[in-house]
Amino acid sequence: MTNRTPTAVATDRLPPVSPAVAAAAVAALPSRLRRRLDATVERLAAVPVGQVDGGVSVECGPEALVVLRPGPTGAVTGPEQAGCACLLAPRCLHLAAVLVACPVADPASHPDPAPAAPSTPGGAGRRATRAGRAGATGPAAAGGAPTKAQRAAAGALWRAAAAVLASGVPAAGAVGQADLLRAAHGARLAGLPRAEAAALRLVRGLRAHRSRQTGHRLADLVEVLHDLLYAAGRLAAGDPDPALVGVLRRAYQPDGTLEVHGVCREPVISATGYAGVVTHLVAADGRRLSFADVKPGGPNRARDCAHAVTEMGAASVDHAALARGGLRITGTTVSPDGRLGAGAGVRATPLTGADWSGGALAELFARPLAEVVSGQLAVDDPADPGRAGTALLGADLVVVGAVGDQVLARELAPGAGADRAPVPDGPVIRLVPADPHPVLAHVANLRRLASWPGLRIRVVGRLDPGRAGTLRPLAVGALPGATETLRLPPEWHGRADLGYDQIQGAHLPPRGEAGAAQPPPAVDEVAESPLWRVRRLVELAVSGGRRAVAEAARDEAASLAVPLRRAGFTTAAAVTSALVAESDRRGRDAFGRLTDPDPDRYAWAWLAATAHLAATERELIRSSWVAPAAG
C-alpha cells in the first residue's frame, strides 16, 4: 500500500456507494455481526480517512484496513471496488460498516455498470430488468397494469418501509436501511423509478435524523415515508396508474435554439450532502427552466457558488450574470422537468439583461396570487403532497410589519402606478426565509425589509405548501411606478437575490416616504386548528414507532378524537382513532400466546391518516389565500 496519508474526519470524505453494494455487504454478515453493525458505524465518525492510490482507506483496527476504489463515475458500484485486509473479508464487519457509512449513490448519476439482482440466479436478473423497464416506459406509461416483476419489487419495498414505520427511527439502523437499499435495487431492476427514489430518500433521511444533521426535519421524513408506502402499496396491489411508476430517467431532449432570461439564483443546501446553486430562467415562449451547479458539499459550497462558473457545452456560464441577463442557446437540450443540459454540442451567447417588468419575465406577476396558489395546490395526486407548491410564482406586495424573522405583507391589487391599494379583504401574507442557514443572506435581508412598513416590492419565490398564507421568497425587486420601493444598483437590473445579495440601508427609500401601517392580525388556520393533534400522532409514529403511538394514545385517547369531531373534522377523528386502535392491536395464536402485530394493517392505517391530513391541510391553506383572515 502506498502513499497513505490521513485527512480530516471520516465519513464526509467517503465516496458514494451503490445501494446494491452496501445491501449485499450487510446481507453477507452473520447474524452475530449484524447486531454490532450500528455501533461500529457510529465509531467510524471519529476515524480519519486516508488517501491511497486510486481511492481512500479507513483503518478499522489492527490488520483491518478497508480500501475503497471508486470507478470512473466517482462511486463504488461493484464489490471488486471495496475490500478489507482482515481474515474474514469480504464477509467482515469492517467492510460492511464502512460501506454503510458512505453516502448513498444516486443511480441516475452513478449507474451500476452491469445491474443484476444479487438474489436472482442465472439470467433472471437481466430478464427482470428488461421486463421492468418495458413496464415503466411502455405499457405502464400508457396505463397498463404493473408487471409481475414490478408487483414483486413493490411488495418488497412495502415490507421494508412498513418495518421501518413499525419500529420507528431509533430502531431503523444499518440492517433496516440495508433492507430498504436491497428493495430499492430491486425496484430499479423492475423499472420503478418513483419508488426507488423514495426508498433512497428515506435511507438518507433516516441517517440524517439519527445523526441529528442540521436542516433535517421530521416532517420531511414523514413525507418521504408516506410517498414510498403510497406508491409501493398501490403498485403491489396492481394499480395501473402510470404516475406510480414514475419517469425512468431524466432524459434530455433536443430543443433547437432557445432564448432564456434570468429570474434569480437559489442557493441549495441539502440535508443529504449536496450543495450549490440553481439559476431560474424563463424562455421567450414562457417556459420555466433552470440551470444548476449542485454537487456533493456543504453550506460553504452553496455560499461560494454565488458567482460560480459552470460549463455549458463550449461556453462558461457565470450564474450571477445569467440570473440578471440571458443566453441565446443553440443545440439546446432540456429535461422533462425543465433543466437545461450542458452537452458538448451546446453553444451559448450572452444576451443583454432585462428587468422583471418586460417580456416573458412580466408574466410571473400577471395573475392574482389566489389564482396561482389554487392552481399549484390542485395536484392530480392528492396523496402526494410533496409535488405541490414547487413552481416559482411572483407577486406585488406592500410590507405591513414583522413577526420575528417573518415579514408580514399584503398583496397589491392589479394595475399600474404608485396608487395601487392592497387587495380588499386580502390575507396577511408571511414571507419566511427560504433557507435560514447563517452562511446565506435570507434572514438578514428579510429583517431589513421588515423594518420598512409601507415598502412596495416585487417578490419571486415559492408557496410554502405546509403553512397558511406563506411564501418563501428567493428574490425581491423594485415595483415599477412606485416611489416607496427598492433603489437597487443599476447592475442588479432591479432585483436582489435574497440568498446572496446584501440589501443595505441605501437600497431603501428615505424614512419619510415609506408610510407606516398597522399590521392586521395574521392567523394560521392550519396551526390553530385541532389538526395539530393528527400531525403530532403521525410524526410520533415515525420518530418513535408503533409502541410509542400505543403508549401515547392510552393517556390521550379521548383528547385526540373529541376536539377533532367538535371542530367538524369527523374523518380526521375516524382515521386517527383507527391508527390508535391498530397500534395497540395484538393477536394470539392457537395456544393463546401473543403474536407479533400485523405490520400491513398498521401501515395502511398510518397511510390513511397521513393522506387525509395532507389533503385537509392543503384545503385549509388554499382557503387562506382567498378568504380574509379570521379575527
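Helices (H or I, at least four residues) and strands (E, at least two) are taken here as DSSP runs, numbered from the N terminus. On that basis, H493 falls in the loop between β17 (470-478) and β18 (495-497). The model is a predicted one.

## Overall content

The protein contains 19 helices and 20 strands. It has 631 residues, and 49% of them count as buried. Among contacts with a separation of 6 or more, 67% are between residues 24 or more positions apart.

## Helices packed on α19

Two helices are described here by their packing on α19. The axis of helix α18 (residues 570-583) comes within 9 Å of the axis of helix α19 (residues 599-626), and the two cross at roughly 155°. That angle makes α18 roughly antiparallel to α19, since angles over 145 degrees are classed in this way. The crossing of α18 and α19 is left-handed. On the α18 side the contact consists of T571, A572, V575, A578, L579, E582 and S583, and on the α19 side of R601, Y602, A605, W606, A608, A609 and H612. Sorted by class, the contact of α18 with α19 holds nine nonpolar, three polar and two charged residues.

Helix α9 (residues 218-236) also meets α19: their axes come within 10 Å and cross at roughly 120°. α9 and α19 are therefore oblique to each other. Here too, α9 passes α19 in a left-handed crossing. From α9, the residues V222, L225, H226, L229, Y230, G233 and R234 take part, and they meet W604, W606, L607, T610 and A611 of α19. The contact of α9 with α19 divides into eight nonpolar residues, three polar and one charged. W606 is listed in the contact with α18 and also in the contact with α9.

## Helices α6 and α7

Helix α6 (residues 148-167) has 20 residues, which should span 28 Å at 1.5 Å a residue; the end C-alpha atoms are 29 Å apart, in agreement with that value. Its buried residues are Q150, A153, A154, G155, L157, W158, A160, A161, A162, V164 and L165. An α-helix has 3.6 residues a turn, so residues three or four places apart point the same way. Directly after α6 comes G168, which has a positive phi of about 85°.

Helix α7 (residues 174-190) has 17 residues and reaches 24 Å from its first C-alpha to its last, close to the expected 24 Å. Twelve of the 17 residues of α7 are buried, so this helix is largely enclosed by the rest of the structure. The buried residues of α7 are A174, Q177, A178, L180, L181, A183, A184, H185, A187, R188, L189 and A190. G191, just after α7, takes a positive phi of about 80°.

## Backbone features in loops

The table lists positive phi values from the model.

| Residue | Phi | Citation |
|---|---|---|
| G168 | about 85° | just after α6 |
| G191 | about 80° | just after α7 |
| D425 | near 60° | not a glycine |
| H493 | about 55° | not a glycine |

D425 sits in the loop between β14 (406-411) and β15 (429-431). With a relative accessibility of 58%, D425 counts as exposed. H493, at 30% relative accessibility, counts as partly exposed.

A89 and P90 are joined by a cis peptide bond, with omega of about 5°. P90 lies in the loop between β5 (82-84) and α4 (93-101).

## Two buried positions

G341 is in the loop between β11 (326-334) and β12 (347-351). Its relative accessible area is 9%, so G341 is buried, the limit being under 20%. Neighbours within four places in sequence aside, G341 is in contact with Y252, F291, M312, T333 and V346. The C-alpha atoms of G341 and Q253 are separated by 8.8 Å, although these residues are 88 residues apart along the chain.

T40 belongs to helix α3 (residues 37-43). At 10% relative accessibility, T40 also counts as buried. Residues up to four places away in sequence not being counted, T40 touches L93 and A97.

Terms used:
Residues numbered from 1 in each chain as written. Predicted model: local features only at pLDDT ≥ 70, side-chain atom pairs only at ≥ 80, totals over all residues. Heavy atoms only, no water. Axes fitted to C-alpha atoms, helices over the stretch in contact; angles between N-to-C directions. Parallel < 35°, antiparallel > 145°, perpendicular 65-115°, else oblique. Left-handed = near helix turned anticlockwise from the far one by under 90°. Contact = heavy atoms within 4.5 Å. Nonpolar A, V, L, I, M, F, W, Y, C, P; charged D, E, K, R; others polar. Expected span 1.5 Å × (residues − 1). Buried < 20%, exposed > 50% of the residue type's maximum accessible area, 1.4 Å probe, protein only.
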